[in-house]
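User: I have a two-chain model open and would like to understand the reasoning behind the labels people put on it. Could you walk me through them?

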Amino acid sequence: MDYDMISIREKIGEILCEYGANDKRIYVIDSDLAKSTTSAKFRDKFPDRFVETGIAETSAMSIASGIASEGQIPFYVNFAMFVSGTAWTQLRQAAYANLNVKLIATHPGMDDGPDGASHHANEDIALVRTIPNLKVLIPSNIKELRQAIKIAIETDGPVYIRAARDVVPNVDLEQNAELGKSIIVDDQGNDFALIYEGTATAVAYKAYDALKEKGYKGKLINIFSVKPMDVDLINNLASTVKGIVTLENHSILGGLGGAIAEILAQRPNHAKLAYVGVPDVFTESGKSADVKAKYGLNVDNVVSKVEEVLS
Amino acid sequence: MDIKHLELLANENRKRIVQMIYKAKAGHPGGSLSVIDILTAIYEMDVDFSSEKRSKVVLSKGHAVPAQYAVLASKGIISEEELGTFRQVNSRLQGHPHALDIKEVDATTGLLGQGLSIAVGMALVKKHEHENNHVYAILGDGEMQEGQIWESLLQASHYKLNNLIVILDYNKLSSSGPVNEVINLEPIVDKFKAFSFHTIHIDGNDMQQVVNALNEAYTIIDRPIAIIADTIKGKGVSFMENNPKWHSGALLDEEYETAMRDLERAKEEIQ
């Protein structure tokens, strides 16, 4: 595949402006990172529906609950570390009340490479997918980001959107992103299924090409909707392919791999499963690509895991 | 406002609180009884459930939810019978406020420190929509020790939320004893002043003072309001007053009877 690369994060503010122009219920909340998350574009266009909280993430999350309680649709846009971990009980309360609180979590996984392990959100999927009522979506390109935001607006209740800061392939797939549905990006055969989450798309594409070149015929699956998950598709894969490898810009504990394992483990028979992601360690500073390569998110690792499940 | 009428309503609500907790064999009587005069007054004076755009009440000290259920029962929203299901399985009356179950409960709270931020969010929207009503955040003194409270005080003051009325139920006791021995809040009025709040310091169990404070709050146009209400934990039940033991707990049969006798006597005194 030929493609250029783009950061999903760059379009967040722009897309929120597009929807915010027609839907006056949309508010955007920021905690002093509007430039980094690009929500500043919304601030400049709709200052009266933009709420700056200062560096006060827990309060920001509860303010979102208050705004939602008044019939509005607040998008709290901030780093994944802060909207998942820092404000977890506040998010959980919003979900308990099934409020229309929408999160856009930027800088997920190791996307904030140079800032180091303190800022690497390798646990956010695990933290948010266990909260009842909360939907979890991970776009892999700009089109899917736009669709994820649209789904968030149209879905009653809280939604968490994990949006890559690092670059992803700038492609437009034909298939539309839907709540509860995964996207079959390519299907060549039943040797393997490589299931990835959107912020690991760059490695997923390269690894899939490398596997094709080696003669393996498999499927490339973009999970998109981590919650609710496309359980039928996963069950179907479990009985049709020889091996499944999950790929995530996240810890291998409790994230995408864990979610898939929870489904497979309930079957009497299923394809062999292997995980690619960050092992149970803290990472370190470095260029995002370098950190990812060192901590498991690299093409060689994916290829060898696929070969392992096929052996 | 007819003060005597409000006092009688508050007295009935106190009885409901004691009955609810007695029946549930669990709950937080002390903080429910200290705040009930304030809650009764707010709902009578400023909450019109028939209006879509109405004033909202965030009970940030969510463990005092028996007080909220009692007021909602006095308004006919919860039946007296349903009050008997408090804290039981299959009841709408959860141990802490849950807005999904009862739409007249304006905010889901219970994790201390979060309610004031929720109120700030509501007040921001109401101000933006030019609504002519208020958002009340009812805080416990113990939860003033939560960091999030101070984040939201900064934000309320930054946005000059003149439609936000913060009420501190200052009964001076938290779970393990005198709140100011756990972590000192004083000088608390000065702290609100330093955050640019209009402050009103009252006896929160004196209905006339509560009504006067709310009426004063409605006249403030340039900043948020904080009513620091000195109250008595367990107010109205002789053996509970100022006794930290009654932060949370069940009543024995004879304790229940004494409590109801105390409240009946108080009713006669009001009349």
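User: Why does the radius of gyration of chain B agree with that of a compact globule?

Analyst: Happy to help, and please keep in mind that this is a predicted model. The globule rule takes 2.2 Å times the number of residues to the power 0.38. For 271 residues that gives a radius near 18 Å, and chain B has 17 Å, so the two agree. The C-alpha trace of chain B spans about 50 × 45 × 40 Å along its principal axes, and 54% of the 271 residues are buried. Chain B holds 10 helices and 7 strands. Of its contacts between residues at least 6 apart in sequence, 76% join residues at least 24 apart.

User: What makes α1(B) roughly perpendicular to α9(B)?

Analyst: The axes of α1 (residues 3-24) and α9 (residues 207-217) of chain B cross at roughly 110° and come within 9 Å. Angles of 65 to 115 degrees count as roughly perpendicular, and therefore α1(B) is given that label relative to α9(B). The crossing is right-handed. On the α1(B) side the contact has B:Ile3, B:Leu6, B:Glu7 and B:Ala10, which meet B:Met207, B:Gln208 and B:Val211 of α9(B). By class that is 5 nonpolar, 1 polar and 1 charged.

User: Why are α4(A) and α5(B) called oblique to each other?

Analyst: Here the pair spans both chains: α4 (residues 57-69) of chain A packs on α5 (residues 115-128) of chain B at about 45°, with the axes 6 Å apart. Under 35 degrees would count as roughly parallel, and roughly perpendicular starts at 65. The angle fits neither class, so the two helices are oblique. This crossing is right-handed. Among the residues that make the contact are A:Ile63 and A:Ile67 of α4(A), and B:Ile118 and B:Leu124 of α5(B). The contact residues divide into 9 nonpolar, 7 polar and no charged.

User: Which element gives the most to the side of chain A that touches chain B?

Analyst: That is α4(A), with 9 residues. Across the two chains, 22 residues of chain A are in contact with 23 of chain B. The elements giving two or more residues on the chain A side are α4 and α6 (88-96). By class, this side has 7 nonpolar, 13 polar and 2 charged residues.

User: How do you know that α6(A) is mostly covered?

Analyst: By counting: 7 of its 9 residues are buried. They are A:Gln90, A:Leu91, A:Arg92, A:Gln93, A:Ala94, A:Ala95 and A:Tyr96, and what covers them includes α4 of chain A.

User: Why does A:Asn98 count as partly exposed, and why does A:His107 count as buried?

Analyst: A residue needs 20 or more C-beta neighbours within 10 Å to be buried, and 12 or fewer to be exposed. A:Asn98 has 17, so A:Asn98 is partly exposed. A:His107 has 29 and therefore counts as buried. Each of these non-glycine residues has a positive phi, near 50° for A:Asn98 and near 55° for A:His107. A:Asn98 sits in the loop between α6 and β5 (102-106) of chain A, while A:His107 is in the loop between β5 and α7 (124-129) of chain A.

User: What is omega for the cis peptide bond from A:Lys227 to A:Pro228?

Analyst: Omega is near 0° there. A:Pro228 lies in the loop between β12 (225-227) and α10 (231-240) of chain A. In chain B, a cis bond joins B:Glu186 and B:Pro187, with omega about 0°. B:Pro187 is in the loop between α7 (179-182) and α8 (188-194) of chain B.

Note on methods. Residues are numbered from 1 along each chain as its sequence is written. Chains are lettered from A and ligands numbered from 1 in the order in which they are written. This is a predicted model: local features need pLDDT of at least 70, side-chain atom pairs count only at pLDDT 80 or more; totals for chains, interfaces and linings use all residues. Axes are lines fitted to C-alpha atoms, for helices over the stretch in contact, and angles run from 0 to 180 degrees between N-to-C directions. Helices (H or I, at least four residues) and strands (E, at least two) are DSSP runs, numbered from the N terminus. A crossing is left-handed if the near helix is turned anticlockwise from the far one by less than a right angle, and right-handed if clockwise. Two residues are in contact if their C-beta atoms, placed from the backbone, lie within 7 Å. Ala, Val, Leu, Ile, Met, Phe, Trp, Tyr, Cys and Pro count as nonpolar, Asp, Glu, Lys and Arg as charged, and the others, Gly among them, as polar. Angles under 35 degrees count as roughly parallel, over 145 as roughly antiparallel, 65 to 115 as roughly perpendicular and the rest as oblique.
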